[in-house]
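Student: Here is a model to discuss. Can we go through its packing and its charged pairs?
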Amino acid sequence: MASLSTTSLSFKAPSTRISQVLRKGSSFQSVTFGRFTSSTSKSLRLQISCAAKAETVQKVSDIVKEQLALTADTPLTAESKFTALGADSLDTVEIVMALEEKFNISVEESDAQNITTIQEAADLIEDLVQKKPAA
Amino acid sequence: MVSRSEVLSLCRAMLRAGRQYPHYNLREYTKRRTLDGFRMNKNLTDQSKVNEAYAEAKAQFVVLERSVKFHSLYPPKTKNIMEVKLQ
């Protein structure tokens with residue numbers, strides 16, 4: 001997994017629009033995040049553009065579970081929409097605030113309104129954590 | 001006419017402002033109270049009532065910002081017990 005992550009970093013250079021499209025496309029195909037270490041060359045190409053790490057997604061999921069008071073065995077995938085989990089827009093605001101605090105980032109107003117799934121939140125967090133100068 | 005996104009923006013702004021208090025109790029209270037306040041009125045349908053509630057929240061927001069500035073002048077001298085990590 002280590003070698004895959006380094007190659008993914010080197011590909012962040014291309015224009016953000018393209019990498020965003022690639023990211024969106026690959027988020028459906030790169031099957032869960034770290035548990036299945038698929039090592040075929042086909043998935044390698046897709047994972048290069050995959051933005052969110054497994055642990056980020058896990059942390060986001062934990063926060064979502066806590067905020068929405070979900071039981072431990074509710075099925076929670078990266079594609080789960082907040083509304084499907086029983087959150088209304090105020091809950092979403094609260095979740096985004098909690099994520100901001102946890103990861104020590106600042107989410108823009110426009111970005112915050114577009115977060116609907118766990119994967120999107122994780123991608124945005126990764127983005128912001130990288131852009132932030134290392135403390 | 002107050003839109004949904006304006007209401008959410010105000011909620012977010014208030015939560016952000018409340019985070020700046022150096023005092024644990026004020027931070028927690030602001031977070032709790034703003035969310036409770038917005039949740040209490042979330043099912044309003046009458047637009048005039050919505051506008052009224054929004055205006056009230058806006059006024060409170062102005063007070064909140066002023067209060068944060070003031071309380072930042074007098075930060076607590078010791079760390080609050082609730083902020084100390086359990087060992």
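Student: Which residues does Val64(A) touch, not counting residues up to four places away in sequence?

Tutor: This is a predicted model, where local features need pLDDT of at least 70, side-chain atom pairs count only at pLDDT 80 or more, and totals for chains, interfaces and linings use all residues. Residues are numbered from 1 along each chain as its sequence is written, chains are lettered from A and ligands numbered from 1 in the order in which they are written, and side-chain values use heavy atoms, with hydrogens and water left out. Contact means heavy atoms within 4.5 Å. By that rule Val64(A) touches Phe82(A), Leu85(A), Ile95(A) and Ile118(A).

Student: Which element gives the most to the largest nonpolar core?

Tutor: A nonpolar core is a set of buried Ala, Val, Leu, Ile, Met, Phe, Trp, Tyr and Cys residues joined through side-chain atoms within 4.5 Å. Buried means under 20% relative accessible area, exposed over 50%, partly exposed in between (1.4 Å probe, protein chains only). The largest core has 25 residues, and Val64(A) is one of those that touch the most other members. The element that gives the most, with six residues, is helix 7 of chain A.

Student: How do the buried residues of helix 2 of chain B lie, seen down its axis?

Tutor: Helices are DSSP runs (H or I, at least four residues), numbered from the N terminus. The buried residues here are Thr30(B), Thr34(B), Leu35(B), Gly37(B) and Phe38(B). Their arc, taken from the directions from the helix axis to the C-beta atoms, is within 160 degrees, so they line one face of the helix.

Student: Which exposed residues does helix 2 of chain B carry on the face turned away from its buried side?

Tutor: The buried residues pack against helix 5 of chain A, together with helix 1 and helix 3 of chain B. The face turned away carries Arg32(B) and Met40(B).

Student: How many salt bridges does the rule find across the interface of chain B and chain A?

Tutor: A salt bridge is a side-chain nitrogen of Lys or Arg within 4 Å of a carboxyl oxygen of Asp or Glu. One pair is Arg39(B) with Asp91(A), the closest N and O atoms being 3.0 Å apart. Across the interface the rule finds seven.

Student: Is Arg12(B), the partner of Glu109(A) in a salt bridge, buried or exposed?

Tutor: The closest N and O atoms of this pair are 3.1 Å apart. Glu109(A) lies in helix 6 of chain A and Arg12(B) in helix 1 of chain B, so the pair joins two chains. Glu109(A) is partly exposed at 30% relative accessibility. At 3%, Arg12(B) is buried.
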